[in-house]
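Biologist: I'm still new to reading folds, and I'd love a close look at one part of this protein. Could you walk me through it in plain words, starting from the whole and then zooming in?

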Amino acid sequence: MENYSKARTVEQPFPCPFPGLSSDTDEVRVKDGSKIRNLMRYALSRMEVKPRALEGEGGHPKSEEGGSTTEVQEAPCSQAPEKMPSRQIVFTGTGKGVSKAITCVEILKRRVKGLHQQTRLLFSTVLEVWEPLEPAAGLDSLTVNRNIPAIWVLLSRDPLDASLPGYQAPGNFDALWAQAAKEDAGVAGGQRHGGRRKRGGGGGRGKGPGGPVRQTGRSREPGKGQSHGKGALAGQE
């Protein structure tokens, strides 16, 4: 492919894997360059009755700077501040945006309690169009189909079908986070104690039970006995 350059990338539309959703269900599309701060500001404004501002942030939800990319797909109808909060919201992410979408879901579940979760893992098709660097060479343009991983997560205030795969019931996330913090503290404490023992057990001169211990090994300088021996031999000659 050294004679080609990527001209454009087209992501093929994929139908929603959650049947029966209402048309006004909010969908948040998470991309690799999306900012979690902006995504969560919008999601909290739709799911909370009185949305709390994020740490160090305030104001109304907004899209990315410049408006060149759109991570949040809002409902077609106008959304006034006094509108009732949504009962359901969908997070989608493809490629490198999958991990960021999972992060947004976990943050929203901690901020809004009692949300039921339904997860779908699938593949999305992306078309890559490659154009030749030198059109006069007689090369044709190429179209490459790529299948990239994608995730769809539905969060709902209303109960969902627990028999379907990918369902997660609401849980006490504060206890889980406290347990994880306790385990991390225990691991960090063990590493600190292990490091001290390692530093204290290094080689070199040290003190033994009976006093100082002299480092063993052959000295580079010749011993006194060796020099006297050579002189005696020279005298005999």
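Biologist: To get going, how many helices and strands are there in the protein? After that, please zoom in on the place where helix 1 and helix 2 meet: which residues of the two helices meet there?

Modeller: Happy to. Keep in mind that this is a predicted model. The protein has four helices and nine strands. If you read along the sequence, they come in the pattern β-β-α-β-β-α-β-β-β-α-β-β-α. Of the 237 residues in the protein, 27% are buried. Now look at the contacts whose partners are 6 or more positions apart: 80% of them join residues that are 24 or more positions apart. You'll see some of these long-range pairs later on.

Let's go to your two helices. Helix 1 covers residues 36-47 and helix 2 covers residues 97-111. Their axes come within 10 Å and cross at roughly 40 degrees. An angle under 35 degrees would count as roughly parallel, and roughly perpendicular begins at 65, so helix 1 and helix 2 are oblique to each other. The crossing of these two helices is right-handed.

Here's who meets whom. Helix 1 brings Ile36, Leu39, Met40, Ala43, Leu44 and Met47, while helix 2 brings Lys100, Thr103, Cys104, Ile107, Leu108 and Arg111. Sorted by class, this contact has nine nonpolar residues, one polar residue and two charged ones.

Next, step back a little and find the largest nonpolar core. This core has 20 residues, and the members touching the most other members are Val28, Ile89, Phe91, Leu108 and Leu155. You've already met Leu108, since it is on the helix 2 side of the helix contact. The elements giving two or more residues to the core are helix 1 and helix 2, along with strand 2 (26-30), strand 4 (88-94) and strand 6 (142-156). Helix 1 gives the most, with six residues. There is also a second, separate core of seven residues, and among its members are Phe18, Leu122, Ala150 and Leu154.

Strand 4 is a good next stop, because Thr92 there gives us a buried residue to follow: its relative accessibility is 8%, and its place is in strand 4. Setting aside neighbours within four places in sequence, Thr92 is in contact with Glu27, Val28, Arg29, Val30, Ala101, Ile151 and Trp152. Val28 is a name you know from the largest core. One partner, Arg29, is 63 residues away from Thr92 along the chain, yet their C-alpha atoms are separated by 5.0 Å.

From strand 4 we can hop to strand 5 (residues 116-132), where Ser124 lies. Ser124 has 4% relative accessibility, so this residue counts as buried too. Not counting residues up to four places away in sequence, Ser124 touches Glu11, Gln12, Thr94, Arg146, Asn147, Ile148 and Ala150. Spot Ala150 in that list: it is one of the members of the second core.

Now for some residues that are less covered. Arg8 is in strand 1 (residues 4-11). Its relative accessible area is 47%, so Arg8 is partly exposed. Beyond neighbours within four places in sequence, Arg8 is in contact with Leu127, Glu128 and Val129. Take Glu128: it is 120 residues from Arg8 in sequence, but the two are 6.1 Å apart in space, C-alpha to C-alpha.

Before strand 1 comes the segment that holds Met1. With a relative accessibility of 51%, Met1 counts as exposed, since the label applies to anything over 50%. Even so, Met1 touches Trp130 and Leu142, not counting residues up to four places away in sequence. Met1 and Pro132 are 131 residues apart in sequence and 9.0 Å apart in space, C-alpha to C-alpha.

Last stop: a loop. Asp161 lies in the one between strand 6 and strand 7 (167-168). At 41% relative accessibility, Asp161 counts as partly exposed. Leaving out neighbours within four places in sequence, Asp161 is in contact with Gln118 and Tyr167. Another residue to locate is His116, which is 45 residues from Asp161 in sequence and 9.5 Å from it in space, C-alpha to C-alpha.

Terms used:
Residues are numbered from 1 along each chain as its sequence is written. This is a predicted model: local features need pLDDT of at least 70, side-chain atom pairs count only at pLDDT 80 or more; totals for chains, interfaces and linings use all residues. Side-chain values use heavy atoms; hydrogens and water are left out. A nonpolar core is a set of buried Ala, Val, Leu, Ile, Met, Phe, Trp, Tyr and Cys residues joined through side-chain atoms within 4.5 Å. Buried means under 20% relative accessible area, exposed over 50%, partly exposed in between (1.4 Å probe, protein chains only). Contact means heavy atoms within 4.5 Å. Axes are lines fitted to C-alpha atoms, for helices over the stretch in contact, and angles run from 0 to 180 degrees between N-to-C directions. Angles under 35 degrees count as roughly parallel, over 145 as roughly antiparallel, 65 to 115 as roughly perpendicular and the rest as oblique. A crossing is left-handed if the near helix is turned anticlockwise from the far one by less than a right angle, and right-handed if clockwise. Ala, Val, Leu, Ile, Met, Phe, Trp, Tyr, Cys and Pro count as nonpolar, Asp, Glu, Lys and Arg as charged, and the others, Gly among them, as polar.
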